[in-house]
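Morning, everyone. I'd like to walk you through one structure today, so have a look at the screen while I talk.

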Amino acid sequence: MSSAQTKTEHGHTDHNYLNHGSGIWSWMTTLDHKRIGLMYFATVSTLFLIGGFFALGIRLHLAKFGATPLLEPDTYNKFMTFHGAIMVFMVIIPGIPAFLGNFVLPIQLGAKDVAFPRLNLASYYIFIAGAAIAASSMIFNQVDTGWTFYTPYSTAKTSNGVILLVLGAFTMGFSSILTGLNFIVTTHKLRAPGMTMDRIPLMIWALYSTSIIQILATPILAITLLLIGAEKTLGVGIFDPDLGGDPVLFQHFFWFYSHPAVYIMILPAMGVISELITAFSKKTIFGYRAIAYSSVAIAAVSFLVWGHHMFVSGQSTLAGLVFSIITMFVGVPTAIKLFNWISTMYRGTVTFEAPMLFALGFMFLFTIGGLTGVFLASTGMDVHFHDTYFVVAHFHYVMVGGTLMALMGGIFYWFPKMFGKMTSDLGGRISWVLIFTGFNVTFFPQFVLGAMGMPRRYFDYLPEYTNLNQISTVGSWLIGLGFLVGLITIIHGILKGEKASDNPWGAKTLEWQTSSPPPHENFTTTPTVTAGPYDFR
Amino acid sequence: MTSVSSSSEFHHQHHFKSADHQYASSKQGIWLFLCTEILMFGGLFVGYLIYHSLYPTVFKNGSETLDWKMGAVNTVVLLISSFTMAAAINYVQRGLHKIAAIMLALTIACAGAFMVIKYFEYSHKFHVGTVPGKFSLVDPSCAAGGKRAECESKISALLKNPAELEKNHVSAEEVTRLKAVISQPKWEMFYGFYFVMTGLHGVHVVAGAFLIFWVFIKTLRRKVGPEYYTPVEGVGLFWHVVDLVWIYLFPLLYLVG
Ligand code: HEM
Ligand SMILES: [Cu+2]
C-alpha cells in the first residue's frame, strides 16, 4: 500500500496510545478504540479462564463412569450450563469483534477512531454489567438448563436463577448490537481518502458482515430472552403448553438468533485468517472479491437455516427438507473462502511463525467441523446424531477449532502492534502444538462416541464408552496446558518482549504503516490510499 | 433540515472531517438502532399473529374486555406528543430555545398522561383479574406447579360476588364480557400478550420521557441550537418510533377482535 508517508521513523516509544495518559482511571474512562479493545482482551480472557475451569471440571467428571463421580448430577448440569453460557455469550461472540475488531478496524480504515467513541466505551461497560448479572446467578440461584434455555424446562420447572442468566445475556446482546452499529457506521463514514469499499481489508469485510448479523438477529434473541423472563415472573404462558403456549415457538425464536450467531462467531475468525494467510504467504490474496462477497453471502444465508436445529422437534417433513437443502448452501461461500486461501498459499513464500500455524490449524479443524455440519444437515443422519456427542464434537470443531484458533493467531499477529513488543515465537509454537494436538485428542473421539450413541448433556454413560471418554479427558488437559503456555508467552511478551519494528511481518494493510504501538490518533497524518490492501506481487 | 453549517460555537469531534460529516454519521447510527427496536417488537408481533390464528375466539373475547376509549385517548395523546416533538426539533433548528423547551415539556407531559391512563387501565385489570397466567389464579400455589385446571381464577371468584363487583366498578355489560372470556380455555394467553406488549412499550415511553428530559435540559442550557441539534433529532426519531409502535398496538389489541 503506497501510504507509507505516515510512518514515524524515529522513536515510536516517545508518544503512543499506551502512554497517552496514565493510571487506571485514564484506562477506565478512555475513548480510544485501541485501549477499549485491550480492555475487552483482559475481560474476555478472564471469562475464558472461568469457562475453562468448568470445562475441565466436566471432563474430569466424565473420566470415570458409574459410582463415585466427581460432581453430583445436579452440579454437573450447572457446570455444563455455565461452561456453555460463558463460552458462547462471553467469549466466542465478543472475542474477535469486540477485542481484535475494536483494535484493528479503525486503523485498517485509516480512521482516527470508531464513529462513536463514547458509545464504544458504553458498550464495554454494558458488557461488564451483563456479565456481572449473569455471573450473579452462580451465587444466588444456579442454573441447570444448558445455554439454550429450552422451554418448558426453563420456564415451568427449574429455579428462578434463569431470570438472572437470561437478563445478563440480554444485556450483553445490547452491547453486541451497539458494537456492530458502531462498526457499520465507521466503515461507511470514516474510511481514509482513497479507501473505497473494494479496497478495505478482508478483516473489515468480515467484521462488517458480522455487524449486519448482530444488528438483525440480536433483537430477536432479546425479545426471546425477555419472554422467558416474563414467563417466569408473570407466567404469561407463551411458551408454556399448560397455558396454551408452544415450546417449539421458543426453539424457532431461539435458533433464529442463535444460528446466525454461529456466524457472528466464525465470520470475524475468517477475516483474521484472510489477513494471516496473505501476510505469511507474502502474496496478494487470491480472489479478494470472492472472499469479501462470500462473507456477505454467508450472513444472508445464515438467516434462512435455523430450522436445522429442529429436525426432530416435530416440525413438518417439508420444513425439514427445505431447511436441510438451504443449510447445504452455506457450504458454498465457505468453500470459496477455503479454496481462495489455499490458492493464495500456492507458490507463495510461506513462513510458519506462530500466527500462521494457528491459521493453518484453523483451516484444518474448521474443515472437519464444516463437513460434519453437512452430515448433520442431512435430515436422515441427524435423526441418528441429534443430541449426541457427534453434535458436541461438531460445534467444538467449528467454535474452538475455528474461532479460538483464529483468535490466538490474531493475538500473536497483532501483538507487536498492540504493545510494540514481540512475543517469543517458540512460546507461540509450543502453545499451538499443545492446543492443536490436545484439541484433536479431546474432540475426535467424541465423533465416535456420538456415532456409537452416547447422548450429550448426560452426567454418566455406559461402560463401553469409558475408553474414549478417558482419552478425551486427557486431551482436555493438553488444551488447558496449551492455553497456559499461550498466556505465559503473552504476559512474557508484554513484560520482557523484544522491541518490535513497525511492520515485523512485512504486511501491507494500513495498521502496519503506522508506528508500533500507534499514536493516540492512529496516524500522525491521515493516510491516502491508492491501491488495494494486499499489494505484494 | 439536511445540512448544518459549522459555526464558530460548535466544534465537531476530532475524528470527523466536518460538522456535516459528524451529523450524517450520527444519523446513520440512530437509524440503525431504531431498526433493532422495530425488529425486537417485530418478534412480539409475530408471536401475536401466530397465537391469534391459533385461538381466534380467545383474542376476540379478550380484546372486547379492553377499554377502547382509553386506548383511543392514549393514541391521541401520543399523536399530539409526536407533533410537539417535531415542533421542538424545528424550533431548536431555528434557534428559538424558549418555545422549543416548552414543546419538549409538553411532550414529556404527554408521556406522563399516557402512563397515567395506562395505570388506570392496568389497575382495573388487576382488580377484575384479567391478568397474565400466574396472577389470574386465586390459589397462588397453583401457579407454582399445581394442576391449573383445578384452580379457580380471580375473575370467576369475582363474578360470584356482587358486592365486590360493585366495589370494582364492573358494569353489567362488563360482566357479560368477562364471562365470555373465561368460557374459553387458554384465555390467559391474550392477557399474556397484552401485558408483555404494552409493558415493553410502556418501558419505552418512560425511557423516551427521560431522554426528552435530557435534551430539554440541553435546550435550556443552549447546548443545542441551529448549528448542532443531533441529540434532539435523535431523541425525536426514537419518540416517533415509540409512537409508531403504539399506532400498531392499539388496533391490534383493542380493535381487532
Ligand atoms: C460456522 C460455524 C459453525 C458453528 C460455530 C456451529 C455451531 C453449532 C452449535 C453450537 C451447534 C449445537 C447447538 C446446540 O447446542 O444444540 C451446532 C449444531 C448444528 N450445526 Fe453447526 N456450526 C457451524 C457450522 C455449521 C455448518 C457449516 C453446518 C452445515 C452445513 C452446520 C450444521 C449444524 C446442524 C445441522 C446442527 C444441529 C445438530 C443437532 O442438534 O442435531 N453447522 N452447530
Ligand atoms: Cu445452525
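I'll go through the metals, then the pocket around them, then one helix, and finally a cavity and a valine.

One thing up front: this is a predicted model, so please listen with that in mind.

Okay, metals. Which residues hold the copper ion, ligand 2? Three histidines of chain A do: His259(A) through ND1, and His308(A) and His309(A) through NE2, at 1.8 to 2.0 Å. If you like to spot such things in a sequence, the donor residues are spaced H-x48-H-H.

Now, His308(A) and His309(A) sit side by side in that spacing, but they fall into separate classes for exposure. The cut-off for buried is under 20% relative accessible area. His308(A) comes out at 14%, so we call it buried. His309(A) is at 22%, so that one goes down as partly exposed.

The other metal is the iron atom of ligand 1. What does the protein offer it? Just one donor, the NE2 atom of His394(A), at 2.2 Å. On the map, you'll find His394(A) in helix 13 of chain A. And how far apart are the iron atom and the copper ion? The answer is 4.6 Å.

Let's step back to the space around these histidines. The second largest pocket has a volume of about 1,400 Å³. It is lined by 50 residues, and the closest to its centre are His308(A), His309(A), Leu376(A), Val391(A) and His394(A). So you'll recognise two copper donors there, His308(A) and His309(A), plus the iron donor, His394(A). Helices 3, 8, 10, 11 and 13 of chain A each give two or more residues to that lining. Helix 11 gives the largest share, nine residues.

Helix 3 was on that list, and I want to spend a minute on it. It covers residues 73-109 of chain A, which makes 37 residues. At 1.5 Å a residue we'd expect a span of 54 Å, and the end C-alpha atoms are 51 Å apart, which agrees. Where does helix 3 bend? At Pro94(A), by about 60°. Of its 37 residues, 33 are buried, so helix 3 is largely enclosed by the rest of the structure. Right after the helix comes Gly110(A), with a positive phi, near 80°.

Keep Pro94(A) in mind, please, as we turn to the closed spaces. A search of the whole structure finds six cavities of 30 Å³ or more. The largest cavity has a volume of about 160 Å³. Among its 16 lining residues, those closest to the centre are Phe89(A), Ile93(A), Pro94(A), Met172(A) and Ser176(A). There's our proline again: the residue where helix 3 bends is also part of that lining. Helices 3, 6 and 7 of chain A each supply at least two lining residues, and helix 6 gives the most, with six.

Last stop is also in helix 6, which runs over residues 161-189: Val162(A). Is Val162(A) buried or exposed? Its relative accessible area is 0%, so it counts as buried. Beyond its neighbours in sequence, Val162(A) is in contact with Val143(A), Thr145(A), Phe149(A), Ser154(A), Ile228(A) and Lys232(A). For a sense of scale, Val162(A) and Lys499(A) are 337 residues apart in sequence and 48 Å apart in space, C-alpha to C-alpha.

That's my tour. Happy to take questions.

Definitions and conventions:
Residues numbered from 1 in each chain as written. Chains lettered and ligands numbered in written order. Predicted model: local features only at pLDDT ≥ 70, side-chain atom pairs only at ≥ 80, totals over all residues. Heavy atoms only, no water. Donors = N, O, S within 2.8 Å, 3.2 Å for Na, K, Ca; no water. Buried < 20%, exposed > 50% of the residue type's maximum accessible area, 1.4 Å probe, protein only. Helix = DSSP H or I, 4+ residues; strand = E, 2+ residues; numbered from the N terminus. Expected span 1.5 Å × (residues − 1). Bend = angle between axes of the 7 residues up to and from the residue. Contact = heavy atoms within 4.5 Å. 1 Å grid on protein atoms, 1.4 Å probe; cavity = no way out; pocket = protein on both sides within 12 Å on 5 of 7 lines; lining within 4 Å. Points joined across faces, edges and corners; volume = space filled by probe spheres on them. Lists of a residue's contacts leave out its neighbours within four places in sequence.
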